[in-house]
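Here are a few notes to read alongside the picture. Keep the structure open and check each point as you go.

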Amino acid sequence: MGNLDLQPHFDNEYRWGFVTDIEQEPFPQGLDGAVIRRISATKGEPAFMMEWRLRAYQHWLTLREPTWATVQHPPIHYQDIYYYAAPKTASGSKPKSLAEVDPQLLATYEKLGIPLQEREALAGVAVDAVFDSVSVATTFKDKLETLGIVFCSFSEAVREHPELVRQYLGSVVPYTDNFFASLNSAVFSDGSFVYVPKGVNCPMELSTYFRINASNSGQFERTLIIADEGASVSYLEGCTAPRRDESQLHAAVVELIALKDARIKYSTVQNWYPGDADGRGGIFNFVTKRGECRGDNAHISWTQVETGSAITWKYPSCILRGDNTVGEFYSVALTNHHQQADTGSKMIHIGRNTRSTIVSKGISAGHGSNAYRGLVKVLAGAENARNHTRCDSLLMSPDCAAHTFPYIEVKNPSAKVEHEASTSKIGEDQLFYLRSRGLSEEDAVNLIVNGFCKEVLKELPMEFAVEAQKLLAVSLEGAVG
Amino acid sequence: MLQIHNLHVNVAGNDILNGIDLNVRPGEVHAIMGPNGSGKSTLAQVLAGRDGYEITAGSVHYLDQDLLPLTPEERARAGIFLAFQYPLEIPGVANVQLLRTALNSLRRARGEAEMDAIDFLEFVKDKLMLLGMDDSFLFRSVNEGFSGGEKKRNEILQMAVLEPQLAILDETDSGLDIDALHVVAQGVNSLRNAAHAIILVTHYQRLLNYIVPDQVHVLAGGRIVRSGGRELALELEQKGYAWLEDKASQADNAADLMEARL
Amino acid sequence: MITPTAYRDALSQIDAPNSFAAARQAALNAFLKTGLPESRQEDWRYISLDHLERMPLHAPEDGLGILPALEDYPGALLAYLDDRLVWQDTSLPPRVLDTLENAIGDGIPAWAAESFGSLAGTASLTQLNAALWREGACLRVPAGERLRQPVFLRFAAAEADVMLYPRVFVHMAVGADAILVEHFLGDPSIEYWQNPVAEIVLEAGARLTHLRIIEDSNLATHTGLSAVHLARDSSYRALNLTLSGQVARHELNLALAEAGAEARLDGVFIAAGRSRTEQHLRIAHQAPHGKSRTHYCGLADGRGRGVFDARVEVQAHADGNDAQQTSRNLLLSPHAEIDAKPQLEIYADDVKCSHSATVGSLDENALFYLRSRGIDGEHARHLLMQAFIDEALGLLDDTGLRDWLMPRLLAGMPRVQSLEP
């Protein structure tokens, strides 16, 4: 209990908003077949990969941007975006070792608190650092290799393990899935790849740190994690971007595959630049994340703390195909100023004795708008399916908004599905009570918010939980009063 | 320590307090009694600095400074503690977390070093022992799912940890069984010394059997209508509050209305 | 696509005063332009009306239908058959209870001007009702008056493939108090379509208890709308029962338009056989200190599908609102389906809102307990189902209508099928 102590960092600024002045190697603006061929060629991809990208592009051309989410934004001009931006290296490809990485980049990650020198690295966390469109460094790779674990950039996986990529890519999120997933499938530049072989428990947390630096560029990373039979892995994802007046698009895809008896835990602390207090700039975060419990007894757990981005649009989901599989989704989404979040989860119960849990905590402050949107679907064959969903919203200003849009569809009478939601104002009585015990208003707010989010924060690995609490405190700076 | 002079308070257009005068010196225990709606709780809330109360006249001084401009947390840090009549529930926040955060806020304000988690746990366990309370209290969410008696005991635990100079107990005794009443009395008496002062706001005489007051004041219609020693409380118990009705003005009804809403 | 001929023919048969002819024509044009709702529309994702396109729908031909036996109605009664008033039993004066046609005469009177035709909105099915309603019913309770007996409106269908557009207007003046029962039914051997609209205005401090019973043929389609406007401190209590029908959808749009308005919405819906039922609720808290309580129980049996789709909205600066919504559902067969979509949409901060939804089956432990006390399985299931829906039936006692309604409700309950092999 006492170890989750509050160390509020009151800091008016988005501290991750600096720009690294590094020579970039951008492609021309806009998107057509040629750009996609060039991305694929630059990365030295096999033919199957380029064909897949082109099919995705052709499909994307037939789609329209979805409008059902409760978010509003100016039109995105897809032909004004740079679809590929990489820090220039002497050799033109990924550095072989840290010694070859541009010192400017290493300094950037130091400044972000993500040391890439292994001797200084966080004990027990292997990091893959993605800067704009490419992975710049992966730590502890050798150590993991001795266990047969593949942890590398996606580009590298395409070259080194094409058979795994070919087998699993698009098997959970096909390139036809939705507008943003199709776009990502066509143009994705890099991302992380994890394969944990049969029976192996990955001994350390695997982590990717995403950084958007270039202006006017989109980031389209792709993450694919496969836990083979009986394997387990815990994966962390963190994100930041510089402060810029124009908005930037981030359309990622994450696919998780858990085979029989496997276990994947995926944690996100999302802190993309949220825009300024008047809603200028900020990242448009349109992300498709989905995991499939493909074998019996598999277990996938999503935990997310979303404090950044001008717009968050993501629904980390679980397809519970195997019998006795378990899907979990724990989320905190905070919107302040003019941020908008439309987030939630889908739990698709297919196998027998499948269980799912959804815990969603939305905090709305300033003019922020926060929506939970979720689907719990129990198919006719899903005997004894169980779901419990809890969605709570905390309202902190008269101009904010909080919505709950759950869909529950049950076709099996042995299922038991329970959904609860509540919305309430941060209590003036609670604030007064805490202040009368000597806490400042900000400390009181943080204490209440952390209490409100506790069920979710406790799911995060410890370092991340502390970081998440700080982020919540910073993001709520000045939200009450 | 505390000087209240001619205090008038208005809530949402209704006069609740109509000229309170009260002087509390270090080491003293004052009991404020009166029927429901007489303004007792309003007085306690005003002293702790709750919003929504308009001071239309009068002054309150605490340790020679003007109390009224201070925020609730500044008052707490200056040593004022209000045990709430209806303690709030704060889901997800462990009791021990609140206690330590509050204590360290006070210590920081006093320029003292903060207490680390281990020292604090030792410190708070002594307090628990003193009050005959269980360790499990510490790790439950603040007041969540507590019985009425547990909530009141929790208020006393907070008081014992924060060691205020001026403690105001707002009907802490109401609804308590005899065992819980003992715990409350023990907590209060352990705080009692030449430097600390205590104001007990209560409807019943019963608590005063365990905490013997130096002075008893009877509040009616937003005014102190009588003051005296302990014997006044016993007299009230025998006669009830009915005889006060003549003294209660129209404001009493207004106060009734307001307090019923609070 | 829809075939406009049937609708145009229906309009040509209506003998409306000139002042309304243009409005009816405009409403029909609006409907023909948008057509029937489609499953692409979010509000219609669970219920399809495509089958209506394949039916030889037509307007009622007078005198063809045969009146189903009249039950005993404990109050004032207007009984309609295929949209014609065929029987009345009431001591209320026409200024209180009459057909809508008589009540509004040649032009919309002042007391209805603000709400008549506008409260119901402009959805395509509502436009269709506005174009094709006949006779209708109007209840006007004067200020401060309390009707001693419930008012029953019975809308029956007797002709095959007929389309019916019952229309009701209720005006509760300041402080008025009444109980209204709408009862929809029809010949169980025929297909038909009832598309009723009710507009209900509660002025300050008025109180209305509204029971609405869908007991249509299991071959029938029912797409009803109730639109309710609540002024300051008024109170609307409703019990919505959907007991039968091939497709039965009830949409309830409630506006708590002024401070202190209160609503209690209870409902029971039963989807047995191959029926599809949907309860579609929109509760808009538009002013401070409103309160709404919603409690619906759903049962799905056979190949039935029951849908509960409810949205509570709290508009900006509508402070001090309190909304609670509960949806309890039982699945009684391996081929039945329940869909629940309880939504909150909140634009104010000083609110207390909650909802909960559950889908499950009968409690096997309770069942076992009853059986171990000697009650046979079928009976035990029935008892548990009754207990399950009873939570939503509190208004039956408040209105004294339990004895009248319970037998129909029990008759509508699913024939118990065992889940066991």
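How much area is buried between chain B and chain A, and what share of that area do carbon and sulfur atoms give?

1. Before the answer, one reminder: this is a predicted model. The area buried between chain B and chain A is about 2400 Å², and carbon and sulfur atoms give 60% of that. On the chain B side, B:Glu73, B:Ile90 and B:Gln97 lose the most area to chain A. Taken together, those residues make up 20% of what the chain B side buries.

2. Who takes part in that contact? Chain B brings 37 residues, while chain A brings 22 residues.

3. Now over to chain C, which has 10 helices and 21 strands. Try picking them out along the chain.

4. Is chain C compact? A compact globule of 421 residues would have a radius of gyration near 22 Å, and chain C comes in at 21 Å, so the value agrees with that picture. Along its principal axes, the C-alpha trace of chain C spans about 70 × 50 × 45 Å.

5. On the inside of chain C, 60% of the 421 residues are buried. Looking at contacts in chain C with a separation of 6 or more, 84% come from residues 24 or more positions apart.

6. On the outside, chain C has an accessible surface of about 16000 Å². Carbon and sulfur atoms account for 49% of that surface.

7. Last, the charges. Chain C carries 37 positive and 56 negative charges, and the mean positions of the two groups lie 3 Å apart.

Methods:
Residues numbered from 1 in each chain as written. Chains lettered and ligands numbered in written order. Predicted model: local features only at pLDDT ≥ 70, side-chain atom pairs only at ≥ 80, totals over all residues. Heavy atoms only, no water. Helix = DSSP H or I, 4+ residues; strand = E, 2+ residues; numbered from the N terminus. Rg over C-alpha atoms; globule rule 2.2 N^0.38 Å. Buried < 20%, exposed > 50% of the residue type's maximum accessible area, 1.4 Å probe, protein only. Contact = heavy atoms within 4.5 Å. Areas by Shrake-Rupley, 256 points an atom, 1.4 Å probe, with all protein chains shown as cover. Lys, Arg positive; Asp, Glu negative; His and termini not counted. Charge placed at Lys NZ, Arg CZ, Asp CG, Glu CD. Buried area = accessible area lost by both parts, 1.4 Å probe.
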